[in-house]
Amino acid sequence: MIPSDVRDVLLHQHYHLVGGHSAVKLCLWTKKSIQDQGYCYKQKFYGIQSHRCLQMTPAVTWCTQKCVFCWRSTEHTLGTALQEIDDPGEIIDGAIIAQRRLLSGFGGIPERINQRKLKEAQDPNQAAISLSGEPTIYPRLSELIGEFTRRDFTTFLVTNGTLPQRLNSLDKMPTQLYVSLDAPDEETYQRVCNPLIPDGWDRLQETLELLPSLKTRKVIRITLVKDWNMHDVEGYSRLIKKAEPDFVEAKAFMLLGGSRKRLSLENMPSFHEVLAFSEKLASKIDYELADQKEDSRVVLLSKKG
Ligand code: SF4
């Protein structure tokens, strides 16, 4: 399903393709954790073990947006819908095999490796369903989450919120649901997120309104890009109040992958700028600062009480 030129780009970027539309990539923090060099903020915030995290997507190069800060090569977006649909169980089997292959390189540097972690990493127990592309484009997402759960995985799903119907129809909810909110108003949304659908903003609003009824832990994630979307904290607060999330994560944009063609180092806010934005936001939505991780430039806010 993926043309050979796009496939070559993805392989060059160290994605391991699974079936016709899915992919796995070793997370930087998984690699660091295996070498005892640190761990992801999700380990600090939510107890997820970085070395056992499987970072995967069921829609590697399909998305409803072309966000300016995206790590993907957004010029290779293949559309907003999949043509052929792979089986969820086969995707998971393929993803675990791919993860093990990607980990096999670590066997050659035993002096730097925590052997216990490397052994445990062969059997991931956390699926980060995000990585690249919009996962809710995969129509059998509910079954995919169900199958991960049946295999004793925790699941973190990240969505851009433009497919509220798919979220609403999930029979099986992820352990944690992230909705990206990267603009305080529609004009900023159009500029930052470049939707490929005409009603992206309206659909995102529908998702925010749907969120309180969804029975799982919910997080609004804001990727902060300096000079693009760090204004109008009041606007963000109005939108977040509609969604009533358990947490808000404010995270600095990082100049990686495809985003290097669109943005520069100046667009990366410092940790202190992320913190200042978060403190202002917290006071407006009545949340409190729950945690922070300076090297990831991320701040966690949680609902009071
Ligand atoms: S929604 Fe996610 S995958 Fe799609 S363009 Fe934006 S950051 Fe990239």
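1. Let's start with aspartate 36, which is exposed in this predicted model: just 12 other C-beta atoms lie within 10 Å, and a residue with 12 or fewer counts as exposed. Aspartate 36 sits in the loop between helix H2 (28–34) and helix H3 (41–46). Its phi is near 55 degrees, a positive value in a residue other than glycine. Most residues other than glycine have a negative phi.

2. Asparagine 194 makes a nice companion to look at. Its phi is near 40 degrees, again positive in a residue other than glycine, and its place is in the loop between helix H8 (186–193) and helix H9 (200–210). Here 18 other C-beta atoms lie within 10 Å, so asparagine 194 is partly exposed.

3. Now for helix H4, residues 88–103. Is its length what you would expect? What span should the 16 residues of helix H4 have at 1.5 Å a residue? The expected value is 22 Å, and the end C-alpha atoms are 22 Å apart, so the two agree.

4. Which residues of H4 are buried? They are Pro88, Ile91, Ile92, Gly94, Ala95, Ile96, Ala98 and Gln99. Their cover includes strand E1 (16–18), strand E2 (22–24), strand E3 (53–57) and helix H6 (141–150). As a reminder when you turn the helix on screen, an α-helix has 3.6 residues a turn, so residues three or four places apart point the same way.

5. Isoleucine 285 belongs to helix H11 (residues 271–285). This residue counts as buried because 20 C-beta neighbours lie inside 10 Å, and 20 or more is the cut-off for that class. Leaving aside residues up to four places away in sequence, isoleucine 285 touches Ser237, Ile240 and Lys241. Leucine 301 is 16 residues from isoleucine 285 in sequence, and their C-alpha atoms are 9.9 Å apart.

6. You may want to look at the ligand next. Around the ligand are Cys63, Gln65, Lys66, Cys67, Cys70, Arg72, Thr74, Ser132, Gly133, Glu134 and Asn160. By type, this shell divides into three nonpolar, five polar and three charged residues.

7. Finally, the chain as a whole. The chain has 11 helices and 10 strands. Its radius of gyration is 18 Å, close to the 19 Å that the globule rule gives for 305 residues, so the chain is as compact as a globular protein of that length. The C-alpha trace spans about 50 × 45 × 40 Å along its principal axes. Of the 305 residues, 45% count as buried. Among contacts with a separation of 6 or more, 72% join residues 24 or more positions apart.

Conventions:
Residues numbered from 1 in each chain as written. Predicted model: local features only at pLDDT ≥ 70, side-chain atom pairs only at ≥ 80, totals over all residues. Helix = DSSP H or I, 4+ residues; strand = E, 2+ residues; numbered from the N terminus. Contact = placed C-beta atoms within 7 Å. Near = placed C-beta within 6 Å. Nonpolar A, V, L, I, M, F, W, Y, C, P; charged D, E, K, R; others polar. Expected span 1.5 Å × (residues − 1). Rg over C-alpha atoms; globule rule 2.2 N^0.38 Å.
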